Each structure stands twice: as structure tokens, then as C-alpha cells.
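Welcome, and please open your viewer. We will walk through this model one selection at a time, so keep the cursor handy.

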Amino acid sequence: MMRQIKTTKGTWKIYGVYFTPSDSFYDIVKKAIESGNLRQSYLQQVTGHCAPIQIDCASKEIHFLSF
């Protein structure tokens, strides 16, 4: 499943999680993208996602993987 987040830094594709624009998850990820804070450890901390997260800034994609 793929969702999109529109930010001041372009539209990012988010894979592996379901969310809507009204979810706090959307706001958390959007703020991380806009602040440039895209470390896996940070995203895991603020989203509660324990499995690996792949971040590809060049293609503007974030993959929330499963174990």
C-alpha cells in the first residue's frame, strides 16, 4: 500500500503503513520530512514503528518495513 504526503519539500510516497491526513502519524512524518530529520532511529521513536524503515531522499520514498 502506498500513501502520499504533500510537504514543502515535495510529495513523498510512504509505503507499508495505512494512515489518513487526519491521523497524527501523517503530521509526525510530514514534520520529520520538512525538518530534514529523516533518520531511521528518529522515525522509529516518534512513530512507534519498531521494524526497519528505509528512507530514500532522492526518490522521496519512505518504506516502513515489517520484520
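Helices (H or I, at least four residues) and strands (E, at least two) are DSSP runs here, numbered from the N terminus, and the expected span of a helix is 1.5 Å times one less than its number of residues. The model is predicted: local features need pLDDT of at least 70, side-chain atom pairs count only at pLDDT 80 or more, and totals for chains, interfaces and linings use all residues. Residues are numbered from 1 along each chain as its sequence is written, and side-chain values use heavy atoms, with hydrogens and water left out.

**First stop: helix α1**

Select residues 24-35, the twelve residues of α1. At 1.5 Å a residue they should span 16 Å, and the end C-alpha atoms of α1 are indeed 16 Å apart.

Now colour by accessibility: buried means under 20% relative accessible area, exposed over 50%, and partly exposed in between (1.4 Å probe, protein chains only). Which residues of α1 are buried? They are F25, Y26, V29, A32 and I33. These cover an arc of only 135 degrees around the axis, so they sit on the same side of α1; the arc is that of the directions from the helix axis to the C-beta atoms. Turn to the face of α1 away from its buried side, and you will find the exposed residues S24, K31 and S35.

What covers the buried residues of α1? Show contacts (heavy atoms within 4.5 Å), and the cover includes β1 (2-7), β2 (10-15), α2 (40-47) and β4 (61-64). Before leaving, click G36 just after α1, where phi is positive at about 80 degrees.

**Second stop: the aromatic rings**

Rings of Phe, Tyr and Trp (its six-membered ring) pair if their centres lie within 6.5 Å; planes under 30 degrees apart count as stacked, over 60 as edge-to-face and the rest as tilted. That rule gives three aromatic pairs. One of them is F19 with F25, a tilted pair with 5.3 Å centre to centre and 40 degrees between the planes. Both F19 and F25 are buried. Add Y26 and F64 to the selection, and you have one aromatic cluster of F19, F25, Y26 and F64.

**Third stop: the hairpin**

Select β1 and β2, which form a hairpin with two residues between them. Strands pair if DSSP finds at least two bridges between them; here six bridges join β1 to β2, and the two run antiparallel. Look across from I5 to find W12 in β2 standing opposite.
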